[in-house]
Structures are given as C-alpha cells and as structure tokens.
Amino acid sequence: MKIAICQMNIIQGNIDYNLRNAEEMIDEAVRNQAQVVVLPEMWKSGYDFARLQEHVESIDGPTRSFLSQKAKEHAIWLIGGSYTMEQEGQVYNTSLTFNRQGELVNVYSKLHLIGLMNEDQYLARGREYTTFDLNGHLASVIICYDLRFPELIRTYAVEGASILFVPAEWPVQREEHWLALLRARAIENQMYVVGANMAGQNENDHFNGRSIVFDPWGDVVCEAGTEPTILYAEVDLGLVESVRKAMPVFRDRVPNLYRL
Ligand SMILES: NC(=O)CCC(=O)C(=O)O
C-alpha cells in the first residue's frame with residue numbers, strides 16, 4: 001500500500017491558498033500512484049483563532065464535499081487532516097476520513113486540546129475515540145498533541161489497530177519530542193505510525209515538517225526534511241501481525257495490575 005503524506009505549507013487564514021495547495025498535492029500524489037493520502041492538522045485555515053467564526057463549518061460543509069469528491073475522483077483513501085467544525089453548538093478540531101468511493105468512514109475530534117496553543121480557549125474537546133476499516137485492517141487517527149497520551153493509542157492497539165495516522169501542526173521547538181513520541185508509539189504498540197506535519201510559519205510558531213513513517217518494529221520507513229513536500233511510504237500491514245507474533249507484548253501485559 002502506497003501512502004502519500006502531504007507536508008503542506010499552511011498559510012494562516014488563507015483558505016483559497018490552502019485549498020489550492022491541498023488539491024495540487026493530492027493530485028500529484030495520485031499521479032505518483034498513492035493509494036492513501038494524508039493531510040496535516042488544521043490545513044484549511046491554520047491556527048487562525050482570531051477569525052474562527054469565519055472558518056468554521058458544519059460536518060456537511062464545503063470542505064467535506066471537497067475531500068469526498070477528491071477521494072472518489074481518484075479512488076483513494078483520504079485521511080483529511082483536520083479543520084474546525086461545528087457540531088451541536090460546539091467547535092471541534094475534527095478529522096474526516098473518506099474511502100475510495102468518497103464515503104465518510106471516520107469522524108474523529110481531537111480529544112486532548114493544547115493550552116500552549118490556546119486550543120482550549122476556543123475549541124471543545126472531542127468525546128470519543130474512533131477506528132475504521134482500511135482494506136481489512138483496523139486503522140485510527142489521532143491529532144497532534146494526542147500523541148502525548150499513550151493511553152489513547154494503547155486503547156486503539158488493544159482493539160487491534162495496525163496503523164495510526166497523526167496529522168499535526170507540531171512546532172520546531174519540540175521537534176525531538178515529535179520524532180521520539182511517534183517512534184515510541186510505534187514500538188510499544190507494534191503498529192505503523194504515520195506522522196504528517198506542516199512545514200512553514202504562522203504568527204506564533206515555526207513548523208519544521210519532519211513528517212515520518214515508522215513501521216511496527218520502530219524502524220523508519222521514510223522521512224521528510226523541513227521543506228514542504230510529499231513523502232511516500234510503502235507499507236505492508238501484514239508486518240504488524242508478524243512483529244506481534246515475534247514479540248508478544250500484548251499477550252504479556254498484566255492489565256489487572258495497572259491503575260490507568
Ligand atoms: N497542534 C498541536 O497539538 C501541537 C502539539 C505540540 O506542539 C506538542 O505536543 O508539543
């Protein structure tokens with residue numbers, strides 16, 4: 001399975017630019033035979049909380065139509081990064097995933113909001129974790145800061161997830177955490193971990209890209225540099241089962257003794 005990670009330069013508040021950029025990257029990824037395409041966190045508006053009300057959409061809004069249409073047109077799986085979405089009077093940082101028919105198969109709203117980037121002042125916390133079936137394998141999406149909460153990813157792994165997608169806007173000053181945490185989540189949960197970061201600048205932070213894919217053994221499948229680019233990864237989800245068999249950490253867990 002060929003995965004393309006769109007390491008976008010997101011321009012804060014410039015919806016037209018970001019949409020065009022996303023579309024061009026998706027189209028290019030497809031020209032390069034990608035079967036799964038991943039966008040970063042908040043790719044539509046960036047962290048433009050000052051104009052949040054201008055950007056927020058309902059779940060049936062134009063960005064959902066755009067993503068669904070791209071997935072269907074190209075017959076790809078599209079992990080649609082995330083953008084701000086209103087549901088029942090609250091605004092969430094929400095990720096939509098579409099299958100090859102353009103059908104919505106996963107809706108995940110960020111569970112852990114990062115106070116350092118003021119998310120908790122503007123957004124509501126998601127209420128549930130979700131999984132979906134990707135070509136017969138259980139898959140899941142978390143969003144950026146969620147990566148610091150191993151209990152969430154362990155929950156997915158215990159349910160049998162083989163691959164974790166992590167759309168992000170992770171600033172350069174904590175780049176080493178980004179790389180170490182993605183790798184740790186891959187090793188401890190014996191799953192593929194796909195980190196899709198942005199590369200660029202907003203009014204507060206610089207984002208250094210470094211999108212990366214780890215296999216279930218924790219080895220690097222491929223990694224991007226610091227500039228906007230599309231990163232391609234060949235992934236064999238069958239490897240997850242082999243690694244879990246060779247090193248049976250799930251069999252050896254003692255959950256009745258853990259307090260969390
Ligand atoms: N957008 C984010 O959630 C950033 C997370 C981050 O910078 C960190 O956890 O560190």
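Helices here are DSSP runs of H or I with at least four residues, and strands are runs of E with at least two, numbered from the N terminus. On that basis, the protein chain of this predicted model comes out with eight helices and 16 strands. Its radius of gyration is 17 Å, close to the 18 Å that the globule rule gives for 260 residues, so the chain is as compact as a globular protein of that length. Laid along the principal axes, the C-alpha atoms fill a box of roughly 50 × 40 × 35 Å.

Burial and contacts round out the overall picture. Of the 260 residues in the protein chain, 43% count as buried. As for contacts with a separation of 6 or more, 67% of them link residues that sit 24 or more positions apart.

Now for one of the sheets. Six strands line up as β8-β9-β10-β11-β14-β15, making an open sheet with mixed pairing. The edges belong to β8 (131-134) and β15 (220-223); each has a single partner strand, so one side of each is left without a neighbour in the sheet. Going from one strand to the next, the twist averages 20°.

In general, the strands of a sheet pair through backbone hydrogen bonds, and they do this either parallel or antiparallel. At the β15 end of the order, the pairing between β14 (residues 212-214) and β15 is antiparallel and runs over three bridges. One residue pair can be picked out here: V213 has C222, in β15, as its bridge partner. The β15 strand that supplies C222 is thus an edge strand, with a single partner in the sheet.

Notes:
Residues numbered from 1 in each chain as written. Predicted model: local features only at pLDDT ≥ 70, side-chain atom pairs only at ≥ 80, totals over all residues. Pairing = 2+ DSSP bridges. Axes fitted to C-alpha atoms, helices over the stretch in contact; angles between N-to-C directions. Rg over C-alpha atoms; globule rule 2.2 N^0.38 Å. Buried ≥ 20, exposed ≤ 12 C-beta atoms within 10 Å, placed from the backbone. Contact = placed C-beta atoms within 7 Å.
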